[in-house]
Each structure stands twice: as C-alpha cells, then as structure tokens.
Amino acid sequence: MQENNDERKVLKTAIDIIHHINRAFRMSKIYEPNNRIFLRQIKLLHHYIQNIHKIQGESTFILRQNSLLFNNVKLKFSFSNYYLFKFIYSELQKKDVGELLFLPDVTENELSRFILLLAEKNLSPDNPFQTFLDRLKERNINNIHVNNIPAFEKTENKEKATKKIFFLSMTHLKEMFEKQEEKHISLTTTKRLMQAIFNHISDNESFLFGLTNIKNFDEYTLNHSVNVCILSIALGKKMGLDRNELIDLGLSAFFHDFGKLKIPKDILLKPGKLDKKERDIIQLHPHYGAEMLIQMKEFSHLPLQALNVAMEHHSREDNSGYPKYKKKNSINLFSKMVKITDFFDAITTKRPYRKKDFSREQALSLMLELSGKEFNPLILKVFVNMMGTYPVGTLVLLNTAEIGIVYENNAEAINFYRPKIKLITDKLGNKTDGKVVDLSEIDAQTKSYKRTISKTLAPNKYNINVSDYFIAEAE
Ligand SMILES: [Fe+2]
Ligand SMILES: [Fe+2]
C-alpha cells in the first residue's frame, strides 16, 4: 500500500517537475536569469527533484514513442496537463535527447543554466544532440546527464497520435456532458483540444476523416459532436479561415447539439417514426442548447457564434427549417457550415428512426440535390470537394474483384476518381492484411490502370465496420 502511495506521489511530483521546467523555460524568454520570478521557479524545480531523490534515489525521464517514462513508469497526462507532455516531448525531441537524468547533487545554479540551454535555438541541424551535449559540458552542467534517442524510436507514429486526439476528445466531451448540470465546465481544455484537432487536420487529414467513421450508437451525441467538430474545422480550413477562427468554429461545432441533453432519451432513441408532439420536443434542442451555453460559468470564453450555431444549425438555406423566426435574420456563416457537416454525419449514421443509413458517397449526392434549398451552394461545393468523389472511409469493389476502403484522396484533380485504397479482401474474398494501393498507378506492360473502382458497397451489408480498420492501423 505504502509503495503504491509512494509511486503515486512520485508520478505526481514528476509532472510537477515538468510543470516548473515549463514555467522556467517560458520565463527565461522574458526575464533576465537573475530575475526573482525566474529564480523562484528554479527553486521549486530543485525542491521537487530533491523530493524524488529522497523517495526513489533517482530522477530520470525517458522518451518513448509517444510517451514519457519517469523512473521507468509511464507518465499519464490528463487533458488539463497534456500541453506539458507536448512541451517536454517536443523540446527533448528537437535535441534528439531520449533520456534526461538529474543527479542528486544537482544545484539550483545548474538547473538555471540548463533551462537557458534548453531554450536556446541554434543547434546544428545535422547533429543537434552533439551540440546540446557539448554545450552542457561547456557550461559545467555536470549533474544533469542526457542520452541520445535510439534510431528506432525516431519515427513518430502519426496515426497513433491522431487516434489519441480523437479519443481524448470523446472522453473530454463525455466529461463535459456529465458535468453540465454543475455548469463547471472548463473551456480551456476544450480550446486546447480544438488546437490539437487543428494541428492534426493540418498533417493527417485523411486519417482523421477515417476515424469519423466511428458510429457508436449508444454514444451517438458524443461521436456525432466530435465528428462534426473535425469535419467543420477541416471545412473551415478549406474555406481559408484563419487559425483563431477555426478554433472558434471547432468550439461552436462541438456544442451544436448540447441541447439534446435536455431531450428525454426515450424520444431521442425511439425506434420508428416520431409523432408530431415528439417532433416538437426534439425541435426544442436548439433553444435548450443556447440556453445551456449562456448558463455556463465560462460562457464569456465561448465565441458568440457558438450561440448562433446552437440555434441555427437546423435552419435551411431557403429559410425554412426550425426554429421558426418571425423576423428573418441572416444566418451566421458558422451555422451554415455546421448545418452541412452535421447533416452529413447524421445521415451516414444508422439511427433507430431512420430506415436507411446512407453511404458516404450517397450522402454527398443527396446533399447536392438539396443544394440551395437546404444548404448554401458555395459552402456545399467546398465540402463535397473536400470529401472527394469517394470520401475517406467509403467501401468499394474494384474491377479486380478485390474489396477495399478509401484510405486517402489523391490531391491532383486528374486523379479525383483514383484515391488510395486499403485492400481488405483479395479476389476470392479472403481477408487480407490491408495493403494500401494507389488507384492512379499504371501497369507498365498494359499501360492501363492497375485497378479501378467498379462500385461502392454498403458496409452494413458486408458486416464491415470501416472505423475498425483505421483504429487497427493506429494500434
Ligand atoms: Fe441538432
Ligand atoms: Fe447534430
């Protein structure tokens, strides 16, 4: 028991150490090294390192692929301190440092020189580790040791990191939904998450789109909100919104169905058609959502557009839809965007009251039919282009009789119909290991395309859960 308590204390202290490294690091950029505030952080840092030495006799951070070990135990970060992990991970990685050791005799003075060194930028691009090591020696920092990152650890698994963000978003949203009665929701974490989604969309868009195939029936509102958020940020990016606008858009999209929490579950989950009374109740969710957002303690941190989006995401381009307004107002741009991503995610999800769920491709063509009536034609065009002719996650049959999942769209317009496909069965229908093939590839001998899409398939009919393939990829 004592051991467990000690271990918990050590892990907590390890995070405190990173916290003070981070604080001191930031302060070193604005204050002189003899500044009182900077020195106070160093003092605290020293204090925590000493504490650990008393309990465990060592103090070592080790970088592993996407994780950080402290004295050989993996550190767990929550939402609120995930930025600390990001910080230390990226600072050490920039220097190719895989191991950082504080020896028991380390002094405050050494720590302060170490922090200044950590914040230095001009390391040699060819061998940042050697430069860092040389400087440690030059500055007589003898009680802090570093080791190199082993070569095999260097390739970061992007998919894994993206998957983590996706599931962190779900957990966070779930926490918020559970806490909403108390109105103690911290938006700082939500904002940070939006930034993470933004970063991942910048460098791993297809994979994140693949994850939006996750359609968990029980957690519908959760899944749905995260998906709508991801798709909206991606759409905003294609429309040229800047980073801050995208984060506001992400937040607004995240909360668009917040009001559904007030709708009784038996109506929300009712199999079969809803009667007029039930429909009226469901149609109150925009009002409820806006009301709940206003009542949030941290309401002032929310972009005002979040209210628009909560209220207007069921308004149609031709001004019908709900709620009904006596006076017609112009609908907010964010609402028009979320209207599209919301509709797309909703109709591609199987729901008890909907007879049919659409494949991603069918959903886009239905939406194009409703262009101008239901949706703003220009924004819809950008969305359809973004999703590609065959959106990521579409199940397809190839002319070779193989079955695969659209894995990534090809960027060039000429290859619009020729995305990259993850093969899941061979010609005979046997399961395969998921090799990714590029449909734009041409056979050298026949001079024609090696593979072409014959038609799209409904995943349900084949009992295939598309998202499983994206998750497996990241395991
Ligand atoms: Fe809604
Ligand atoms: Fe929705």
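A residue counts as buried if 20 or more other C-beta atoms lie within 10 Å of its own, as exposed if 12 or fewer do, and as partly exposed in between; C-beta atoms are placed from the backbone. The model is predicted: local features need pLDDT of at least 70, side-chain atom pairs count only at pLDDT 80 or more, and totals for chains, interfaces and linings use all residues. Residues are numbered from 1 along each chain as its sequence is written, while chains are lettered from A and ligands numbered from 1 in the order in which they are written.

**Exercise 1. Overall layout**

Task: State how the protein chain is divided into domains, and give its secondary structure totals.

Solution.
Step 1. Take the domains, whose bounds come from an automatic or database domain assignment. Domain 1 covers 2–153, domain 2 covers 158–387 and domain 3 covers 395–474.
Step 2. Place two of them. The C-alpha centres of domain 1 and domain 3 are 46 Å apart.
Step 3. Count the elements. Helices (H or I, at least four residues) and strands (E, at least two) are DSSP runs, numbered from the N terminus. The protein chain has 17 helices and ten strands.
Step 4. Add the dimensions. The C-alpha trace spans about 75 × 65 × 45 Å along its principal axes.
Step 5. Check burial and contacts. Of the 475 residues in the protein chain, 35% are buried. Two residues are in contact if their C-beta atoms, placed from the backbone, lie within 7 Å. Among contacts with a separation of 6 or more, 66% link residues 24 or more positions apart.

**Exercise 2. The sheet of strands 1 to 5**

Task: Give the strand order of this sheet and find its edges.

Solution.
Step 1. Apply the pairing rule: two strands pair if DSSP finds at least two bridges between them.
Step 2. Write the order. The open sheet of five strands reads 3-2-1-4-5, with antiparallel pairing.
Step 3. Find the edges. Strand 3 (73–74) and strand 5 (144–148) each have a single partner strand, so one side of each is left without a neighbour in the sheet.
Step 4. Walk through the pairs. Strand 2 (residues 67–70) is joined to strand 3 by two bridges. F70 has V73 in strand 3 as its bridge partner. Strand 1 (residues 60–64) and strand 4 (residues 97–102) share three bridges, and F61 stands opposite L100 in strand 4. Five bridges link strand 4 to strand 5; there, V97 is partnered by N148 of strand 5.

**Exercise 3. The sheet of strands 6 to 10**

Task: Which strands are the edge strands of this sheet?

Solution.
Step 1. Write the order: 9-8-7-6-10, an open sheet with antiparallel pairing.
Step 2. Read off the ends. Strand 9 (436–438) and strand 10 (453–457) each pair on one side only.
Step 3. Add the twist. Neighbouring strands are turned by 40° against each other on average, direction ignored; the axes are lines fitted to C-alpha atoms, for helices over the stretch in contact, and angles run from 0 to 180 degrees between N-to-C directions.
Step 4. Check one pair. Strand 6 (residues 395–398) meets strand 10 through four bridges, running antiparallel. L395 is partnered by L457 in strand 10.

**Exercise 4. Nonpolar cores**

Task: Where does the largest nonpolar core draw its residues from?

Solution.
Step 1. Define the set: buried Ala, Val, Leu, Ile, Met, Phe, Trp, Tyr and Cys residues joined through C-beta atoms within 7 Å.
Step 2. Describe the largest. This core has 68 residues, and I197, L293 and A310 have the most contacts inside it.
Step 3. Locate it. Domain 2 (158–387) and domain 3 (395–474) each supply at least three residues.
Step 4. Turn to the other. A second, separate core of 28 residues includes L45, L68, F70 and I115.

**Exercise 5. Helix 14 and two partly exposed residues**

Task: Is helix 14 largely enclosed or largely open? Then classify I267 and R23.

Solution.
Step 1. Check the helix length. The expected span is 1.5 Å times one less than the number of residues. For the 15 residues of helix 14 (residues 333–347) this gives 21 Å, and the end C-alpha atoms are 22 Å apart, which agrees.
Step 2. Count burial. Twelve of the 15 residues are buried, so helix 14 is largely enclosed by the rest of the structure. Among them are F334, M337 and F344.
Step 3. Take I267, in helix 10 (residues 265–268). I267 is partly exposed because 15 other C-beta atoms lie within 10 Å. Not counting residues up to four places away in sequence, I267 touches L274, E278, I281 and I282.
Step 4. Take R23, in helix 1 (residues 2–28). R23 has 18 other C-beta atoms within 10 Å, so R23 is partly exposed.
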